[in-house]
Amino acid sequence: MTAMPLTSDPPGSSATSRAAATARVAVIGAGPTGVGVAERLLANAPLVAPGLPVEVVLVDPHPAGPGRVWRAGQSPLMRMNSFAKDVTLFPGASVRCDGPPRPGPSLASWAADTAAGTLPPVDPRLGPDVRETGPDSFATRRLQGAYLSWFLREVTRQAPPGVRVSVRGGRAVALTGAPDGRQRVHLEDGSPLDAHAVVLALGHLDARPRGEEAAAAAFAARHKLTYLPPGFVADADLSAVPPGADVLVRGMGLAFFDLMALLTQGRGGRYTRDGGGGLRYVPSGREPRLLVGSRRGLPYRCKPTHEPVLGLPRELRYFPRAAERLLAHDGSVDFRHDLWPVVVKDLSHAYYRELFAARPQCTAMPWEEFEERHAAATLQELDGLAGKAVPDPAHRFDLDDLRAPLRHAVLPSAEAFRAHFAGLLERELRRCADPARSADTAVYGALLLLFDRLPRLRGRLDPRSEAEELDGTWLSLFNLVASGPPAFRVEELLALCRAGVVRPLGPMTGVRFDEPAGLYRAGGANFPGEYAATVLVDARVPGPTVTGTADPLLASLHAAGAVSEEVLSDPATGYRAATGRIAVDERGRLLGADGRAHPARYALGWNTSLRGARAFAIPGTDAATFRHGDRVARAVLAGLPGRPSELPPN
């Protein structure tokens, strides 16, 4: 199979005549991470490798740009969980990196220009998606795929002379190297692709069931039940879930909402409004009953829609000085002792700063006095200060209530708990819709700043803090507030609860395998009793794993010792934690089992030890996505041979 060029040099040009001297970079994975690093390679090539012809080959069995997750053929029920105005692939001037910026439209701006006819039209089937997408919309994933396709076409159209992009359809299953340094990518169909450098931009990968997941699958096989392990819900065979069946679902994150939509609206159910404006679900009769529980027992907080009176925070009140102090001293940093109090104080400061400005009637002391006392207060003194400054507890910043609102709930029955659960959803929807709750948005803004700043201390954290606090406690809090669903999804969940289609199980849901009965059973912590079911779904995307990956390329590299899994360890205490992430050095080069960095193999993305790089970024921010992509792209280009040896035709 030959590669399909997206850009090419004219026949007879100097670049064409020097094809044998072209440096080839293979990017494995052509979703957002892959096309993002391709953009950085194109932008940096004239600066880092001036005069060197470069070909970037994107390798993926799925369409280049959308990749697997954002492909065109999926249901329009599959939505993004970010506002369209908060999604871009273009690294603008706000990004602090060595490479040149490339300004460009956000998803929302692109959709508006496309609808207006100033940009090329999309597939006619996406016409409604384009017209319905505004700045505060949650676009369909297939429309995001069209944006990704346009982005790739646009950046390749602007490629500098001598630099081109092509696409090689197919799955990479192995990677080998020759003594002269050239790399050979082996595709599933048996064809090879030779390159001078290879970048793994693998994104989210499937994993083999292990531990409790493997036990659940084995139990299902023994008793002819159905088990759906962690994975992409849009790819799952949901025909295995019979109408009317009781389905145990572990997880209430974004994968759950995908499952919920496909098993209800996707099976012909519909929503209507009653006379009071409340949402009601009208069943089709083909949906199952979803028995849903999770660690927290509730979905993440809705995406904030309030506009803060003071605007989103532009800087943190306490963290910069604390970070400067910690970096100035030798020794490791303990997250719980040194950073958690700073995180809590910065979040509460952002909250109360906005509350005092937006709702002064809710406060009982001048802001200047509160801020001075807040700065001097310990973590243990913050609640007392808030009690004096904000008389009504409903208007205070309560981190415990935010993280675990069901921690004290004890109900006599499943029906009583379902009513309590519905009440909490109603409260969340009121809070999300109330413009007077703009302080919630200020907390969201502070979390975004901390998400960018905290990883910069990663090298100074002790291994336990890094594994259990930064990647555990902190990231869980961030996801709770900043990675939640659109409000309409929570409203749909509430309607499904009222219709009896969803039954909540509460927090700390435990599933056991009833061998004599041949059934799954589950119960939560807030009410007595259990539910039985013939179907179990783990509604989540697999976490990063090298040792348990189902990806043939990554598995073969690991088996050969060419890829290692990141391990955080402390020889002084014996602490050791495998993170599951692909180990890379600061330039993104793969680290083998011997700890050495490979000079021509790189990896980038959320599942590497570089972490912070995610698929998309918020416009106007100094996003790690772009900083990491730029750093890796420049390292790749700097490592290319000045006069590449001849490679076989692509």
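Start by selecting residues 335-358, helix H9 (helices are DSSP runs of H or I, at least four residues, and strands are E runs of at least two, numbered from the N terminus). Its 24 residues should span 34 Å at 1.5 Å a residue (that is, 1.5 Å times one less than the number of residues), and the end C-alpha atoms sit 33 Å apart, which agrees. This is a predicted model, where local features need pLDDT of at least 70 and side-chain atom pairs 80 or more, while totals for chains, interfaces and linings use all residues. Numbering runs from 1 along each chain as its sequence is written, and side-chain values use heavy atoms, without hydrogens or water.

Now color H9 by burial: 18 of its 24 residues are buried (under 20% relative accessible area, 1.4 Å probe, protein chains only), so the rest of the structure largely encloses H9. At the start of H9, pick Asp334: one of its side-chain oxygens comes within 3.1 Å of the backbone nitrogen of Arg336.

Next stop, the sheet. Five strands form an open sheet in the order S9-S18-S10-S13-S14, with parallel pairing (a pair needs at least two DSSP bridges). Select 226-228 and 502-507 for the edge strands, S9 and S14, each pairing on one side only. Zoom in on S13 (residues 289-294), which pairs with S14 over 5 parallel bridges; Ser294 has Pro507 of S14 as its bridge partner.

Finally, bring up helix H7, residues 254-263. H7 lies across S10, S13 and S18, at about 175 degrees to S13 (angles run from 0 to 180 degrees between N-to-C directions, with axes fitted to C-alpha atoms, for helices over the stretch in contact; contact means heavy atoms within 4.5 Å).

Key:
Buried means under 20% relative accessible area, exposed over 50%, partly exposed in between (1.4 Å probe, protein chains only). A polar contact is a pair of N or O atoms within 3.5 Å; within protein, one must be able to donate a hydrogen and the other to accept it, and residues adjacent in sequence count only if both atoms are side-chain atoms.
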